[in-house]
Amino acid sequence: MTFNIYDFTSFNRWIDEGLNSIMSPTWALITEMAIIGIVFLLFYAVVGLFLVYAERKVCAFMQNRVGPNRVGPYGIFQTIADFIKLLMKELVYIKDSDKLLFNLAPFIVIIASFMALSAVPFAKGLHAIDFDIGILYVIAVSSLGVVGILLAGWSSNNKYSLIGAMRSGAQIVSYELSVGLSLLTIIVLAGTMQFSEIVEMQRNGWFIFKGHIPAVIAFIVFLIASTAETNRGPFDLAEAESELTAGFHTEYSGIKFAFFFLAEYMNMFLVASIGATVFWGGWMPFHVSGWAGFNTIMDYIPPFVWYIGKTAFIIWLMMLFKWTFPRLRIDQLLTLEWKYLLPINLVNILFMAFLVLMHWHF
Amino acid sequence: MKEIVNLPVSKIEEEEYHINMGPQHPSTHGVLRLLVSLQGEMVKSLKPHCGYIHRGIEKMCEKDTYPQVIHLTDRMDYLSAHINNHAVCLLVEKALEIEVPERVKYIRTIMDELTRIQSHQLWWSSFGMDLGGLTCFFYGLRDREMILDIWEETTGSRFLQSYNCPGGVMQDIHPNFQKKVHAFIKTFKKKIKDYDRLLSGNVIFENRSQGVGLLSKEDAISYGVTGPSGRGSGWSCDIRKVEPYSMYSQVHFNEVLRYECDTYARYMVRMQEMHESMNIIEQLIDNIPEGDHSAKMKAVIKLPAGEYFQRVESARGELGVYVVSDGNKTPYRMKFRTPSFTNLGVLDHISRGMKIADLVAIGASLDLVIPDIDR
Amino acid sequence: MDNETLKARILEIVPEAQLEENKQYLTLLVPAAKLHDLAIKMKDTPELAFDYLICLSGVDYGKQLAVVYHMNSILHKHMVVLKVKTDDRSDPAFDTVSDIWRTAEFHERETYDMFGIRFNNHPDLRRIFLEEDWKGYPLRKDYVDEVNIVEF
């Protein structure tokens with residue numbers, strides 16, 4: 001077996017052949033699905049824990065203080081301690097809430113982000129599902145999260161939660177349009193929706209450099225729209241702590257609150273990784289066409305590290321947004337989307353299409 | 001439900017519903033309950049319910065001697081503690097016709113201006129926090145710590161100092177006082193530019209506050225909204241200019257007026273006032289004359305029978321103290337006309353037609369301190 | 001306008017007003033029935049122009065209950081104090097001035113809460129600090145409360 005960190009396809013084949021030789025094909029398939037499921041769950045949990053810690057540290061450094069530094073060296077076990085505490089909290093049952101929907105809502109949010117994350121490539125071959133309509137699938141599935149939020153607000157039997165959920169629903173549905181259209185700009189440039197092909201096409205330069213002006217505009221719009229999609233940063237009025245206590249998840253306590261909390265960070269990871277894959281090359285190292293020596297040096301760094309590095313950079317940007325800017329009001333938010341981002345997006349797509357036709361890209 | 005039936009607000013229409021903001025709420029900054037009647041996202045009317053922190057200060061004042069009353073005035077508007085004390089001291093000294101030494105006047109004015117700066121710093125921090133820029137909270141409070149350290153050294157406590165007493169101040173200023181105040185002014189002049197960069201010039205903030213909560217000048221006068229909130233509507237109501245006391249007639253400073261009448265105007269008035277306060281302190285800090293830190297007062301202070309009224313400019317607006325005395329050592333009736341109580345009356349009027357998010361911004365721009373409302 | 005002219009103008013409008021001597025500001029005791037009309041004229045007359053009501057306080061003078069109005073003119077910068085008194089301690093009532101100066105709404109509610117003085121035609125006369133079902137009026141001199149007030 002060759003465990004090549006630069007190319008996981010041989011590793012995948014080794015597992016596949018191994019399983020197929022032990023059991024019948026159906027059982028092998030089921031076992032593979034189970035393995036992928038468990039790996040993803042673990043990845044989800046670990047990344048979630050890490051992101052919560054990273055947010056607290058980044059926020060603290062911006063606010064001229066230190067952040068968690070007691071639990072473990074540099075406070076790295078802080079999140080684990082917080083989750084143990086949340087697990088031990090009492091699950092408060094609301095009297096007149098709709099029990100089924102109330103319990104179902106956090107799971108829907110998690111499942112939506114889980115499903116979307118499975119289509120994103122982490123390295124060559126390290127890819128759970130490789131649809132040929134990858135981007136479309138991701139956009140479609142991540143919008144299931146809004147159902148969870150609306151259910152949470154509705155079933156809590158609480159005016160504050162309802163207001164928060166309605167606001168959030170309107171916001172997410174609007175900004176999905178911008179996310180989709182900005183990704184469409186790159187699809188126009190790439191000519192394909194399949195993730196692995198998009199990454200391969202960036203072997204001689206990332207799309208943000210290849211597509212110059214329209215790609216940069218598309219990236220900026222994508223960044224703003226995806227921050228709004230995930231209810232983060234200056235667009236977090238659904239959970240505006242200083243206005244409506246906690247918005248749609250006011251009535252959730254203990255492990256259910258932990259699910260919402262985790263789902264928000266995983267959504268952030270998801271949109272950052274989509275942005276990194278589509279605009280910044282995914283797991284593809286930084287190549288400049290023509291500089292063969294430079295390219296080989298870049299190739300030494302494993303693709304997984306490139307991928308995580310780019311995603312981390314975008315996540316850091318999103319954290320900076322949250323802790324700097326005040327919040328937008330709901331009507332200003334929707335104005336931003338429908339009157340500014342949408343027209344910019346549409347014009348940008350035309351521009352990109354024109355660019356592709358005239359071969360003015362790199 | 002009984003509450004809703006008794007409300008003289010308009011009948012409950014089909015799409016209208018009532019929401020409680022408070023008494024425990026992150027943005028009301030104290031225990032104030034606002035019963036907001038909403039239609040969708042828009043505020044139709046608002047009923048404030050105060051009294052959660054009513055301690056009966058006016059009743060207590062009828063049993064306390066004048067020096068004891070000073071300690072109670074601290075607790076009303078705790079962010080303008082010095083200024084509240086100053087008002088009662090001025091009233092007693094005017095009634096007894098006592099002339100305080102020049103040194104006392106300088107010290108009191110400098111302390112008043114430091115109070116104003118730190119009150120505005122705390123206001124700025126909580127304003128940013130309410131609107132979602134949580135970092136503002138840390139920046140503002142970090143700079144405020146320098147003033148609190150100065151106070152701790154001179155008066156012994158960071159907060160609720162009760163430093164003034166009838167006739168002068170309780171003890172003389174610390175030898176380090178002038179040096180530390182100079183250091184503070186030097187640092188703060190640089191830091192205040194950060195405040196402007198972080199919040200005042202931010203386009204999101206401007207959109208949240210311009211055109212929100214309009215209060216015309218006639219309404220401001222009719223509702224008695226004084227202080228920076230009134231000056232944001234173009235009403236020149238600064239008591240330091242209208243009826244100067246202590247050293248205010250002898251220092252040069254501008255009264256900050258703006259005419260846009262919205263939240264942004266009230267915000268900019270307070271930001272500029274911090275500059276003006278530093279200006280006043282710089283004019284006074286190097287010239288404090290030598291002398292006693294207190295005039296000679298009798299052991300028991302008895303005001304001659306009669307009625308007295310004194311107005312000062314606290315960080316929130318005009319503070320009025322009205323005393324009816326019958327010649328005893330305790331006041332017969334002591335009434336405090338507090339700025340936050342009067343400013344609360346206008347909250348309903350200016351929030352109609354605004355959204356909930358604007359309500360938070362308007363409440364923050366009026367700078368209400370709840371113990372000041374309830375006394 | 002100086003105090004003499006002010007006094008003359010006000011006595012023109014309400015001849016029954018009595019001057020109180022030796023006070024810090026010009027203080028006039030006005031009969032309760034004439035208060036509202038006087039207040040309207042004081043605000044609307046251009047030479048008087050008392051458009052800013054600084055303070056509205058209730059006072060319990062032992063036998064009488066009174067309301068004291070400190071008012072100021074922004075334009076002319078003069079200040080006057082008006083008083084109204086009543087002997088009726090069981091149901092004292094005056095006319096409201098909240099339709100003239102909006103700031104009086106809250107101040108009159110507070111006076112009602114603390115002294116029991118009712119104001120006719122007030123838009124919303126209820127207790128403001130104490131609970132709706134509180135018995136008694138705390139700032140009156142004959143108020144007794146064994147539970148909350150400790151007498152030394």
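In this predicted model, five bridges tie E7(B) to E8(B), and the two run antiparallel. One of the residue pairs here sets B:Val321 opposite B:Phe336 in E8(B). Helix H4 (residues 81–96) of chain B packs on the sheet, where it touches E6 and E7 of chain B; the direction of this helix makes about 145° with that of E6(B). The sheet itself is open and has three strands, in the order E6-E7-E8 (chain B), with antiparallel pairing. Strand E6 (306–314) and E8 of chain B are the edge strands, each pairing on one side only. On average, and with direction ignored, neighbouring strands of this sheet are turned by 15° against each other.

The loop between strand E7 (317–325) and strand E8 (333–337) of chain B is home to B:Thr330. This residue is neither buried nor exposed: with 18 other C-beta atoms within 10 Å, B:Thr330 falls in the partly exposed class, because 20 or more would be needed for buried and 12 or fewer for exposed. Once neighbours within four places in sequence are left aside, the contacts of B:Thr330 are with B:Glu62, B:Lys63, B:Asp64 and B:Thr65. B:Val242 is another matter: 88 residues separate B:Thr330 from B:Val242 in sequence, and their C-alpha atoms lie 30 Å apart in space.

Chain B also holds another open sheet, again described strand by strand. Three strands make it up in the order E1-E2-E3 (chain B), and the pairing is antiparallel. At its edges stand strand E1 (16–21) and strand E3 (42–49) of chain B; each has a single partner strand, so one side of each is left without a neighbour in the sheet. Neighbouring strands here are turned by 20° against each other on average, direction ignored. Between E1(B) and strand E2 (residues 33–39) of chain B there are six bridges, and these two strands run antiparallel. Among the residues involved, B:Asn20 has B:Leu35 in E2(B) as its bridge partner.

On the domain level, the assignment splits chain B into domain 1 (2–49) and domain 2 (57–374). Taken over C-alpha atoms, the centres of domain 1 and domain 2 of chain B are separated by 30 Å. The two domains do touch: 15 residues of domain 1 of chain B are in contact with 18 residues of domain 2 of chain B. On the domain 1 side, E2 and E3 of chain B each supply at least two residues, and E3(B) gives the most, with six residues. By class, that side of domain 1 of chain B has eight nonpolar, five polar and two charged residues.

Chain B has a partner in chain C as well. Here 24 residues of chain C are in contact with 26 residues of chain B. Strand E3 (52–60) and helix H3 (104–115) of chain C each bring at least two residues to the side of chain C that touches chain B. E3(C) gives the most to that side, with six residues. Sorted by class, the side of chain C that touches chain B comes out as 14 nonpolar, five polar and five charged residues.

Chain A looks like this. It has 14 helices and zero strands, and so, with helices alone counted, its pattern along the sequence reads α-α-α-α-α-α-α-α-α-α-α-α-α-α. The radius of gyration of chain A is 21 Å, which agrees with the value near 21 Å for a compact globule, given its 362 residues. Along the principal axes, the C-alpha trace of chain A spans about 65 × 55 × 45 Å. Of the 362 residues in chain A, 41% are buried. Among the contacts in chain A with a separation of 6 or more, 78% are between residues 24 or more positions apart.

One residue of chain A gives a closer view. A:Phe122 sits in the loop between helix H4 (99–117) and helix H5 (134–142) of chain A. Despite its place in a loop, A:Phe122 is buried, with 20 other C-beta atoms within 10 Å; the class follows because 20 is where buried begins. Leaving aside neighbours within four places in sequence, A:Phe122 is in contact with A:Trp283, A:Phe304 and A:Tyr307. A:Thr277 is 155 residues away from A:Phe122 along the chain, yet the C-alpha atoms of the two are separated by 9.0 Å.

Methods: Residues are numbered from 1 along each chain as its sequence is written. Chains are lettered from A and ligands numbered from 1 in the order in which they are written. This is a predicted model: local features need pLDDT of at least 70, side-chain atom pairs count only at pLDDT 80 or more; totals for chains, interfaces and linings use all residues. Helices (H or I, at least four residues) and strands (E, at least two) are DSSP runs, numbered from the N terminus. Two residues are in contact if their C-beta atoms, placed from the backbone, lie within 7 Å. Two strands pair if DSSP finds at least two bridges between them. Axes are lines fitted to C-alpha atoms, for helices over the stretch in contact, and angles run from 0 to 180 degrees between N-to-C directions. The radius of gyration is taken over C-alpha atoms; the globule rule is 2.2 Å times the number of residues to the power 0.38. Ala, Val, Leu, Ile, Met, Phe, Trp, Tyr, Cys and Pro count as nonpolar, Asp, Glu, Lys and Arg as charged, and the others, Gly among them, as polar. Domain bounds come from an automatic or database domain assignment.
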